[in-house]
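Trainee: Before we look at any details, could you show me how to read a model of this kind with proper care?

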Amino acid sequence: MNVASLTSAASQPATPPATIGDAAKTPQNVAHAVEVRDTFRDFVGETLFRQMLKSMRSTVNKPAYFHGGQAEEIFTSQLDEILAEQMAQTDGAGFADRMFQQAFPMHADVIREHATAGTAAGVGLNDLSTLPRR
């Protein structure tokens, strides 16, 4: 191959798939988008609630009597971690979904298209267990 053929091949645009929407509707892309959304929800929710609990605990002074010392502090931090996970699972989607739409617009579009197509066909996002795993 010579330099002229390389430059002419690089200057020609590659042939795109039929449409971007068709490529986005594959089950693997939908499953990947849902996985990214769920991971994003968990991360944002846990981070927010963990920092909120940490702030709340820092405003309360240690009691003069009956403080468990370092063991109580370790237990409290582990309790806060579990509480943050539970709060993220129950309430994290409310505010994390808007952030997800801004951070990952293509994934949000794939999920939205699948949800609207699925509701028309009687299949929703809850039926993603039937999709093949990677």
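**Reading confidence, charge pairs and a surface patch**

Mentor: Arginine 37 is a useful residue to start from, because its relative accessible area of 13% makes it buried. Keep in mind throughout that this is a predicted model.

Trainee: What is the partner of arginine 37 in a salt bridge?

Mentor: The general idea is that side chains of opposite charge can pair when their charged atoms come close. In this structure, arginine 37 pairs with aspartate 38, and the closest N and O atoms of the two are 3.5 Å apart. Aspartate 38, at 31% relative accessibility, counts as partly exposed, whereas arginine 37 is buried.

Trainee: How many salt bridges does the structure hold, and which parts does the one between arginine 41 and aspartate 97 tie together?

Mentor: The structure holds six salt bridges. One of them joins the side chains of arginine 41 and aspartate 97, with an N to O distance of 2.8 Å. Arginine 41 lies in helix α3 (residues 27-58) and aspartate 97 in helix α4 (residues 70-103), so this pair ties together parts that are 56 residues apart in sequence. Aspartate 97 counts as partly exposed, its relative accessibility being 22%.

Trainee: Where do glutamate 46 and arginine 50 lie?

Mentor: Both lie in helix α3, four residues apart, which is about one turn of the helix. Glutamate 46 and arginine 50 form a salt bridge whose closest N and O atoms are 3.5 Å apart. Glutamate 46 is partly exposed at a relative accessible area of 22%, and arginine 50 is likewise partly exposed, with a value of 33%.

Trainee: Turning from charge to nonpolar side chains, which residues make a nonpolar surface patch?

Mentor: Here one should look for nonpolar side chains that are accessible and lie together. Phe75, Leu79 and Leu83 make such a patch, with an area of about 260 Å². Among them, leucine 79 is found in helix α4 and counts as partly exposed, at 33% relative accessibility.

Trainee: Where is confidence lowest, and where is it highest?

Mentor: One reads the overall value and then the separate elements. The mean pLDDT of the protein is 77, with 69% of its residues reaching 70 or more. Confidence is lowest in helix α1 (residues 3-11), at a mean of 45, and highest in α3, at 91. Over residues 1-19 the pLDDT stays under 50, and for this stretch the model has one contact beyond four places in sequence.

Note on methods: Residues numbered from 1 in each chain as written. Predicted model: local features only at pLDDT ≥ 70, side-chain atom pairs only at ≥ 80, totals over all residues. Heavy atoms only, no water. Salt bridge = Lys/Arg side-chain N within 4 Å of Asp/Glu carboxyl O. Buried < 20%, exposed > 50% of the residue type's maximum accessible area, 1.4 Å probe, protein only. Helix = DSSP H or I, 4+ residues; strand = E, 2+ residues; numbered from the N terminus. Patch = residues over 30% accessible without salt bridge, like charges linked within 9 Å, V, L, I, M, F, W, Y side chains within 5 Å. Areas by Shrake-Rupley, 256 points an atom, 1.4 Å probe, with all protein chains shown as cover. pLDDT = per-residue confidence, 0-100. Contact = heavy atoms within 4.5 Å.
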